[in-house]
Amino acid sequence: MTVLLARTAGRLYWGARYVERAEDTARVVNAYHEFVVDDPSEEPLRWEPLAVLAGSHVTIDVPASDPTGERTVLHHLLADHSSVCSIANVVGRARENFRTTREVMPREAWQAINQLSQYVEATASGAVDRQLRNRFLVHVVEISRRLDGVLESTMTRSEPYHLIRLGRLVERADMTTRVLGVAAAGILAVDDSERTGVVNDEIRWMSVLRSVSALQMYQRATHGPIDGMAVVRFLLAYGSFPRSVTGCFEEMRRVLDVLPSPGDVIVALDRAQDAAAAAHPDASAGAELDQAMETVQIAIGDLHRAIHARYVDVHT
Amino acid sequence: MDELLADDGTARPIGAALMQLIESLGVDELRARQRVAELDISTMGITFTVYTDGQNIDRAWPFDIIPRMIDGREWDSISRGLSQRLVALNMFIDDIYNDQRIIADGVFPAELLVASANYRPQLRGVRPKHGVWAHISGTDLVRDHDGQMYVLEDNLRVPSGVSYVIENRGVTKRAFAELFERQRIRPVDGYTDELNRLLASLAPDGVADPQIAVLTPGIYNSAYFEHSFLAERMGAELVEGADLVVGDDDFVYMKTINGLERVHVIYRRIDDLFLDPEVFRPDSMLGVPGLIRAWRSGNVGLANAPGAGVADDKVVYAWMPDIIRYYLDEEPGIPNVPTYRTMYEDERRYVIDHIHELVVKPANESGGYGILIGDRATDVELSAAIAAIEADPRNWVAQPILSLSTVPTLVDAGIEARHVDLRPFVLTSDRSYVTPGGLTRVALTKGSLIVNSSQGGGSKDTWVVDRFTSPVEAQHQFQSGGTG
């Protein structure tokens with residue numbers, strides 16, 4: 001007989017969302033870092049577009065002492081405990097949640113989370129420096145992957161496992177739309193600037209693909225050049241790629257198939273999937289792309305609320 | 001006295017292999033192993049909670065790598081003494097809530113009950129399964145300078161520490177792997193299975209596969225780690241009061257993603273008074289309204305039973321030898337610390353005349369609060385204590401000052417003797433189980449007798465070691481090393 005307390009269901013779902021957010025943030029920051037380093041133009045690229053990860057309306061005040069915004073934005077995204085989206089903050093929240101669900105998880109999984117939290121606690125502020133950055137980001141991704149590996153190979157496929165999967169997938173779908181949001185913000189930033197040299201389009205979209213570790217799979221799937229429209233379609237609709245928005249939705253559907261009476265959650269999932277399928281923005285138009293991603297994000301938000309209402313805020 | 005070293009500083013037979021190893025390793029290697037052990041503790045998330053710690057409410061569990069050792073034969077006798085004591089204590093509690101034979105027979109004074117802070121008159125007439133109220137206890141033992149073990153305190157309410165017994169062993173096994181190869185050290189891992197079996201035996205009649213839950217006050221409780229640990233090890237649910245509800249049918253349910261599911265046994269780690277606002281403190285947010293109703297109706301098992309704390313009282317403690325004799329017609333296997341009851345004129349006179357050589361304790365405080373140690377107190381404090389005793393003689397007891405035994409401990413200055421106590425855990429149902437050893441707590445400050453982890457105390461692994469019965473066997477064991 002296995003049961004899952006509704007409170008525990010909420011903690012598992014949220015814990016998984018926070019770990020996934022930390023992992024995805026690390027991927028995106030790392031890819032953006034390479035993008036900036038690769039950029040050959042004289043005027044250095046600015047870092048503010050990356051702050052869109054925290055939400056498209058977040059503004060960050062960059063002091064004059066930080067001309068490209070690099071340190072300010074990275075402090076905000078990696079180390080600042082008071083920033084809701086920083087890796088330091090979300091990893092802390094992941095640990096808080098999973099600390100109360102130890103009885104339903106494999107011991108090794110808890111140890112991975114605990115280790116992630118200790119590592120981030122000790123290293124995040126140093127990772128604002130370029131020298132330590134890559135190592136830090138790669139390690140955050142690795143521990144998160146190890147956690148999934150432990151769960152995949154040692155956790156019984158019952159309700160707690162499925163709630164963790166749901167949390168991972170909702171966050172992953174959302175983060176993939178945010179990566180496209182970062183691209184949109186980058187295009188807008190260049191449009192606004194008096195920059196002479198235009199950012200190489202191919203490099204930008206390559207960086208977008210790297211942000212979700214999709215570059216190689218994209219190339220194998222399309223056999224073609226890296227083109228903005230194709231990248232956007234790949235990340236939204238190419239269901240065989242597990243980090244595409246549609247790929248996440250399809251996986252969620254398989255999870256919901258085995259969870260008890262998902263009801264309204266399926267309805268919300270159908271809507272979100274329709275929203276992703278209907279989005280055909282012009283990849284070179286920053287505002288249009290941004291608007292399209294926001295529409296999908298709203299649908300994912302509704303899906304999240306449906307999951308919460310069904311499995312966490314259970315009224316009995 | 002020291003547990004591992006004789007008075008001349010040489011190792012006692014039981015500690016010989018360990019002390020020899022420590023000497024051959026040298027203090028630097030020992031420190032390296034201590035650091036690895038601490039890293040283990042931190043990675044595994046073995047923590048305890050401190051309220052005042054701000055954000056990081058869970059701190060790494062303080063641990064000293066050098067174990068405390070007890071000879072297997074001595075332990076068998078202590079273990080029998082503990083089982084005996086808990087059987088008698090439970091007969092006493094059951095009697096107090098039912099027939100009160102012991103009062104009628106003039107062995108235990110009725111007026112003590114009225115004054116007891118942990119007596120729950122609301123529970124008169126309840127008859128829990130096996131007649132047992134205190135299923136899980138953590139009895140504090142200390143060894144005096146003459147080598148005699150004494151029971152210092154019976155903890156019958158929500159005693160904590162057993163998770164650290166098990167975790168300390170895991171850490172020590174890695175730190176001193178070579179000794180586990182060569183010595184017979186009794187394993188401690190079986191506790192959670194025994195606890196699981198005990199809890200299952202408390203299920204309502206006819207329930208074959210009971211749903212067991214550990215009820216915790218939540219993450220701010222100092223023992224939250226342990227609550228989570230025990231639930232994990234037993235495959236039980238870890239629940240908070242708000243996860244549970246008592247239906248009109250007087251059954252207890254938990255709120256799951258599939259709706260309400262019945263709970264059959266609750267290992268509660270919430271104090272009596274917060275357990276059920278319908279019966280005890282009406283302002284309790286931690287408990288479950290109706291829980292006592294469900295328990296009285298036999299629809300849920302509760303461990304420990306509410307009200308068990310009546311026997312966990314410093315004045316009742318003084319009657320323990322009489323309680324054991326009364327119910328079991330046996331002499332106590334482990335002595336009490338001699339205790340003077342100031343409610344009696346002659347004992348009060350003795351206490352007042354000898355106060356500088358006694359420890360004076362209030363009856364109904366816990367956590368060491370209000371204790372006066374005669375040889376360390378000022379004249380003003382002593383006169384104040386005498387005045388307090390005379391004003392309310394029923395509220396005090398006094399005991400001789402014991403010198404706690406020591407164990408070599410790794411400190412900044414090297415390896416030095418530090419005072420220890422010992423808390424074995426006893427499970428009582430239709431049978432008894434005693435952890436081999438228990439939790440050794442160590443006062444890390446030189447000369448200090450304060451072992452609490454919240455006040456600079458640490459812990460050690462406790463080894464109950466069986467020595468080889470014949471020289472041939474011993475030789476064989478040593479020669480074969482770890483290959484056998």
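**Entry 1: a three-stranded sheet in chain B**

I began with the pairing of β9(B) and strand β10 (residues 252–256) of chain B, which run antiparallel to each other over three bridges. The model I am reading is a predicted one, and I keep that in mind throughout these notes. Looking for one residue pair within this pairing, I found that B:V246 has B:V252 in β10(B) as its bridge partner. I then widened the view to the sheet as a whole, which is open, has three strands in the order β9-β10-β11 (chain B), and is paired in the antiparallel sense. Its edge strands are β9 (244–246) and β11 (259–263) of chain B, each of which pairs on one side only. From one strand to the next, the twist averages 40 degrees.

**Entry 2: a four-stranded sheet in chain B**

Further along chain B I looked up an open sheet of four strands, where the order is β14-β17-β15-β16 and the pairing is again antiparallel. Here I noted β14 (340–341) and β16 (372–373) of chain B as the edge strands, since each pairs on one side only. Between β14(B) and strand β17 (residues 396–400) of chain B there are two bridges, in the antiparallel sense, and within β17(B) the residue B:A398 is the bridge partner of B:Y340.

**Entry 3: salt bridges, starting where the chains meet**

How many salt bridges does the structure hold over all chains? I find 63 of them over all chains, and I followed a few one by one. The side chains of A:R7 and B:D243 meet in a salt bridge, with N and O at 2.5 Å. Because A:R7 lies in helix α1 of chain A while B:D243 sits in the loop between β8 (237–239) and β9 of chain B, this pair joins two chains. I also checked their exposure, and both A:R7 and B:D243 are buried.

While in helix α1 (residues 6–38) of chain A, I looked at A:T8, which has its place there and is buried at a relative accessible area of 2%. The C-alpha atom of A:T8 is separated by 9.9 Å from that of A:E103, although the two residues are 95 apart along the chain.

Within chain B, I noted a salt bridge between B:E29 and B:R33, whose closest N and O atoms are 2.9 Å apart. These two residues are four apart in helix α1 (residues 16–43) of chain B, and therefore about one helical turn separates them. B:E29 is partly exposed at 33% relative accessible area, whereas B:R33 counts as buried at 15%.

Back in chain A, A:E152 forms a salt bridge with A:R157, and the closest N and O atoms are 3.5 Å apart; A:R157 counts as partly exposed, with 41% relative accessibility. I also wrote down a network of salt bridges in chain A, which links residues including A:E20, A:D24, A:R27, A:D148, A:R168, A:R243 and A:E251.

**Entry 4: a buried arginine without a salt bridge**

What does the side chain of A:R310 reach at 2.8 Å? I placed this residue in helix α12 (residues 286–312) of chain A, and found that A:R310 is buried yet has no salt bridge, the nearest side chain of opposite charge being that of A:E159, 7.4 Å away. A salt bridge would need the nitrogen and oxygen within 4 Å. Instead of such a partner I noted the backbone oxygen of A:S261, which the side chain of A:R310 reaches at 2.8 Å.

**Entry 5: cysteines and disulfides**

Why is A:C85 in no disulfide? My search of the whole structure gave zero disulfides over all chains. The closest cysteine sulfur to that of A:C85 belongs to A:C248 and lies 20 Å away, so the two are too far apart for a bond. The cut-off for a disulfide is a sulfur pair within 2.5 Å. Both cysteines are away from the surface by the accessibility values, as A:C85 counts as buried at 8% and A:C248 is buried at 0%.

**Entry 6: helix α7 of chain A**

Last, I looked up which residues of helix α7 (residues 201–211) of chain A are buried, and the list reads A:R204, A:W205, A:M206, A:S207, A:V208, A:L209 and A:S211. After α7(A) comes A:S213, which has a positive phi near 50 degrees.

Technical notes: Residues are numbered from 1 along each chain as its sequence is written. Chains are lettered from A and ligands numbered from 1 in the order in which they are written. This is a predicted model: local features need pLDDT of at least 70, side-chain atom pairs count only at pLDDT 80 or more; totals for chains, interfaces and linings use all residues. Side-chain values use heavy atoms; hydrogens and water are left out. Two strands pair if DSSP finds at least two bridges between them. Axes are lines fitted to C-alpha atoms, for helices over the stretch in contact, and angles run from 0 to 180 degrees between N-to-C directions. Buried means under 20% relative accessible area, exposed over 50%, partly exposed in between (1.4 Å probe, protein chains only). Lys and Arg count as positive and Asp and Glu as negative; His and the chain ends are not counted. A polar contact is a pair of N or O atoms within 3.5 Å; within protein, one must be able to donate a hydrogen and the other to accept it, and residues adjacent in sequence count only if both atoms are side-chain atoms.
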